Amino acid sequence: MKVLAIGDVFGKLGCDFLLKKLPLIKKEYSIDLVIANGENSAEGNGILPTSAENLFAAGVDVITGGNHSLRRREIYTMLEENPFLLRPANLPNSVPGSGITYVDMGYTTVAVINILGVVYLESLACPFETADKFIAEAKSNGAKIIIVDFHAEATSEKRALGFYLDGKVSCIFGTHTHIQTADEQILPKNTGYITDLGMTGVIDSVLGVDKNIIIQKMKDKLPVKFHNAVGECEFNGCIFEIDKSTGYTTSIKRLKIR
């Protein structure tokens with residue numbers, strides 16, 4: 001089966017570009033399952049019910065999150081009601097929603113797990129212990145294919161968790177930095193890996209934000225109000241081809257589409 005993982009979809013322009021491109025990509029590459037990180041899909045920041053619905057309407061099957069998942073309170077009810085809208089699994093149990101979901105493909109069950117890194121981010125439950133816990137749950141529920149979105153800042157933390165989960169999951173991909181890395185690979189024990197999928201949003205920007213605003217903030221060290229950039233967009237993602245009998249990745253193709 002072919003799984004398409006899409007880098008952080010940023011703002012309305014990112015959602016609109018995804019709606020334009022995703023149906024064509026799914027058809028061209030015969031995609032079976034689409035996972036997209038949507039924690040910054042709303043205008044301003046975070047994710048809203050409208051931006052989540054836009055992603056689902058574009059053809060996304062599972063939306064994962066990150067450190068901005070809970071920024072907009074309007075999404076809390078949807079996190080509770082829609083099992084295919086995730087937030088990080090290592091957030092406290094009192095937080096709305098879930099960090100794992102199951103997709104019934106008919107011929108197999110796929111588990112998708114969302115985990116947040118702790119290096120340079122919030123102090124949460126250990127990502128490694130969280131991964132172990134939810135992988136065990138997934139296997140006990142009959143999931144043959146297990147996919148992990150690790151939303152983290154540090155490349156070292158992503159690499160470390162990738163090697164730790166090698167042979168335990170089908171694939172693990174990083175999100176959050178909005179910069180696509182060129183290290184897609186199959187790890188020694190057949191787990192697919194990439195450090196960061198990148199971003200689906202405006203190219204001429206700093207992580208989706210107006211570049212001049214970010215330059216001003218970094219140069220002058222004064223508070224500024226962020227505004228999303230406008231302009232030509234780019235789609236970043238990665239296709240993992242997974243053997244449904246073994247649950248391991250057999251090939252990887254990185255995508256960068258304008």
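**Exercise 1. In this predicted model, work out how many of the residues of β8 are buried, and what that says about the strand's surroundings.**

*Solution.* Start with the count: five of the five residues of β8 are buried, so the strand is largely enclosed by the rest of the structure. Next, take the two faces in turn. On one side sit Cys171, Phe173 and Thr175, on the other Ile172 and Gly174, and all of these are buried. Both faces of β8 are therefore covered, in keeping with a strand that is largely enclosed.

**Exercise 2. Find the strands that pair with β8 and say in which sense they run.**

*Solution.* Begin with β7. Five bridges link β7 and β8, and the pairing is parallel. To see the register, look at Val148, whose bridge partner in β8 is Ile172. Now follow the chain from β7 to β8: the path goes through α5, and this β-α-β crossover is right-handed.

Then turn to β10. Here β8 is joined by three bridges, again in a parallel arrangement. Ile172 serves as a handy marker once more, as its bridge partner in β10 is Tyr193.

**Exercise 3. Lay out the order of the six-stranded open sheet and decide which strands stand at its edges.**

*Solution.* Reading across the sheet, the order is β5-β6-β7-β8-β10-β9, and the pairing is mixed. β5 (100-104) and β9 (185-186) each have a single partner strand, so one side of each has no neighbour in the sheet and these two are the edges.

Now check the pairing at the β5 edge. β5 meets β6 (residues 109-116) in the antiparallel sense, over five bridges. Within this pair, Asp104 stands opposite Thr109 of β6.

**Exercise 4. Describe how helices α4 and α5 lie on the sheet and how they pass one another.**

*Solution.* First, place α4. This helix (residues 127-140) lies across β5, β6 and β7 (145-151), and runs at about 165 degrees to β6. Second, place α5. Residues 155-165 form this helix, which packs on the sheet and touches β7, β8 (171-175), β9 and β10 (192-194). The direction of α5 makes about 170 degrees with that of β8.

Third, compare the two axes. They come within 11 Å and cross at roughly 35 degrees, and the crossing of α4 past α5 is right-handed. Finally, list the residues that meet: α4 brings Pro127, Phe128, Ala131, Asp132 and Ile135, while α5 brings Glu157, Ala160, Leu161, Tyr164 and Leu165.

**Exercise 5. Decide how well strand β3 is covered, then trace its pairing partners.**

*Solution.* Count the residues: β3 spans residues 33-37, and five of the five are buried, so the strand is largely enclosed by the rest of the structure. One face carries Leu33, Ile35 and Asn37, the other Val34 and Ala36.

For the partners, begin with β1 (residues 2-6), which pairs with β3 in parallel over four bridges. Ala5 has Ile35 of β3 as its bridge partner. On to β4 (residues 62-64): three bridges connect this strand to β3, also in the parallel sense, and Asn37 stands opposite Thr64 there. To close, follow the chain between the two: β3, helix α2 (residues 49-58) and β4 form a right-handed β-α-β unit.

**Exercise 6. Identify the residues with the most contacts inside the largest nonpolar core, and the elements that build it.**

*Solution.* The core holds 30 residues, and Leu4, Ile6, Leu18 and Phe235 have the most contacts inside it. Two or more residues come from each of β1, α1 (11-29), β3, α2, α3 (76-81), β12 (233-242) and β13 (249-257). Of these, α1 gives the largest share, with six residues. For a closer look, take Leu4: beyond its sequence neighbours within four places, its contacts include Leu22, Leu33, Ile35, Phe235 and Leu255.

**Exercise 7. Compare the surroundings of Ile252 and Arg254.**

*Solution.* Both residues lie in β13. Leaving aside neighbours within four places in sequence, Ile252 contacts residues including Glu184, Ile186, Tyr193, Cys238 and Phe240. In space, its C-alpha is 9.7 Å from that of Val3, although 249 residues separate the two in sequence.

With the same kind of neighbours set aside, Arg254 touches Gln180, Thr181, Ala182, Glu184, Ile194, Gly237 and Cys238. At 30% relative accessibility, Arg254 counts as partly exposed.

Methods. Residues numbered from 1 in each chain as written. Predicted model: local features only at pLDDT ≥ 70, side-chain atom pairs only at ≥ 80, totals over all residues. Heavy atoms only, no water. Pairing = 2+ DSSP bridges. Contact = heavy atoms within 4.5 Å. Axes fitted to C-alpha atoms, helices over the stretch in contact; angles between N-to-C directions. Buried < 20%, exposed > 50% of the residue type's maximum accessible area, 1.4 Å probe, protein only. Right-handed = clockwise from strand over helix to strand, strands pointing away. Core = buried A, V, L, I, M, F, W, Y, C linked by side-chain atoms within 4.5 Å. Left-handed = near helix turned anticlockwise from the far one by under 90°.
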